[in-house]
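Hi,

Here's the structure I said I'd pass on. Have a look at it first, and then read my notes below.

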Amino acid sequence: MLSTEDKRRIVAEHQRNAKDSGGAEVQVALITERIRGLTSHLRQHHKDHATRRGLLMLVGKRRRLLRYLAKENAGRYRDLIAKLGLRR
């Protein structure tokens with residue numbers, strides 16, 4: 001789980017303007033942090049299949065949002081994946 005302070009920090013880093021709290025970039029950044037947390041959890045608890053299913057669902061949601069962002073604005077997509085360290 002992300003704390004409220006972590007969510008605020010991530011939103012502040014990725015928002016496009018002062019009122020943007022749910023744009024595609026913000027959503028992808030929040031999902032990425034949740035994915036990182038679940039991945040570290042699964043390294044210790046490899047038999048936790050409910051968490052694994054949740055992780056796979058989050059990965060799919062992030063993939064769909066990234067596909068949307070790439071289709072709408074390729075520059076913003078490239079900036080976001082570079083900032084988040086995706087697509088090695």
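Let me start with one residue and work outwards. Leaving aside neighbours within four places in sequence, glutamate 25 is in contact with His14, Arg16, Leu69, Arg76 and Leu80, where contact means heavy atoms within 4.5 Å. Glutamate 25 belongs to helix α2. Helices here are DSSP runs (H or I, at least four residues), strands are E runs of at least two, and both are numbered from the N terminus.

Before going further, a word on where this comes from. This is a predicted model, so local features need pLDDT of at least 70 and side-chain atom pairs count only at pLDDT 80 or more, while totals for chains, interfaces and linings use all residues. Residues are numbered from 1 along each chain as its sequence is written, and side-chain values use heavy atoms, with hydrogens and water left out.

Back to glutamate 25: is it buried or exposed? It is buried, with a relative accessible area of 7%. For these labels, buried means under 20% relative accessible area, exposed means over 50%, and partly exposed is in between (1.4 Å probe, protein chains only). The side chain of glutamate 25 forms a salt bridge with that of arginine 76, at 2.5 Å from N to O. The pair links distant parts of the chain, with glutamate 25 in helix α2, arginine 76 in helix α4, and their positions 51 residues apart. Arginine 76 counts as partly exposed, at 24% relative accessibility. By salt bridge I mean a side-chain nitrogen of Lys or Arg within 4 Å of a carboxyl oxygen of Asp or Glu.

How many salt bridges are there by this rule? The count is three. Besides the one above, glutamate 13 pairs with arginine 9 (3.3 Å, N to O). Both sit in helix α1, four residues apart, which is about one turn of the helix. Glutamate 13 is partly exposed at 38%, and arginine 9 is partly exposed at 39%. Then there is arginine 36 with glutamate 33, whose closest N and O atoms are 3.2 Å apart. Those two are in helix α2, three residues apart, again about one turn. Arginine 36 has a relative accessible area of 40% and glutamate 33 has 26%, and each of the two is partly exposed.

Now zoom out. The protein chain has four helices and zero strands, running α-α-α-α from the N terminus on. Its C-alpha atoms fill a box of roughly 40 × 30 × 20 Å along the principal axes. Of the 88 residues, 33% are buried. Among contacts between residues at least 6 apart in sequence, 45% join residues at least 24 apart. The accessible surface is about 6,400 Å², and 50% of that belongs to carbon and sulfur atoms; the areas come from the Shrake-Rupley method with a 1.4 Å probe, and for residues only the protein chains shown count as cover.

Next, the inside. The largest nonpolar core has 21 residues, and those with the most contacts inside it are Val28, Leu30, Leu66, Leu80 and Leu84. Elements giving two or more residues to this core are α1 (4–14), α2 (24–44), α3 (49–72) and α4 (74–84). Which of them gives the most? That is α2, with eight residues. A nonpolar core, by the way, is a set of buried Ala, Val, Leu, Ile, Met, Phe, Trp, Tyr and Cys residues joined through side-chain atoms within 4.5 Å.

Two of those core residues are worth a click. Leucine 66, in helix α3, is buried at 3% relative accessible area. Not counting residues up to four places away in sequence, leucine 66 touches Val28, Tyr77, Leu80, Ile81, Leu86 and Arg87. Leucine 66 and tyrosine 77 are eleven residues apart in sequence, with their C-alpha atoms 7.0 Å apart in space. With the same neighbours left out, leucine 84 touches His14, Val28, Ala29, Thr32 and Arg36.

That brings us to histidine 14, in helix α1 and buried at 9%. Beyond its neighbours within four places, histidine 14 is in contact with Glu25, Val26, Ala29, Leu80, Lys83 and Leu84. In addition, a polar atom of the histidine 14 side chain lies 3.0 Å from the backbone oxygen of isoleucine 10.

Cheers

Definitions and conventions. Polar contact = N/O pair within 3.5 Å; in protein donor to acceptor, adjacent residues only side chain to side chain.
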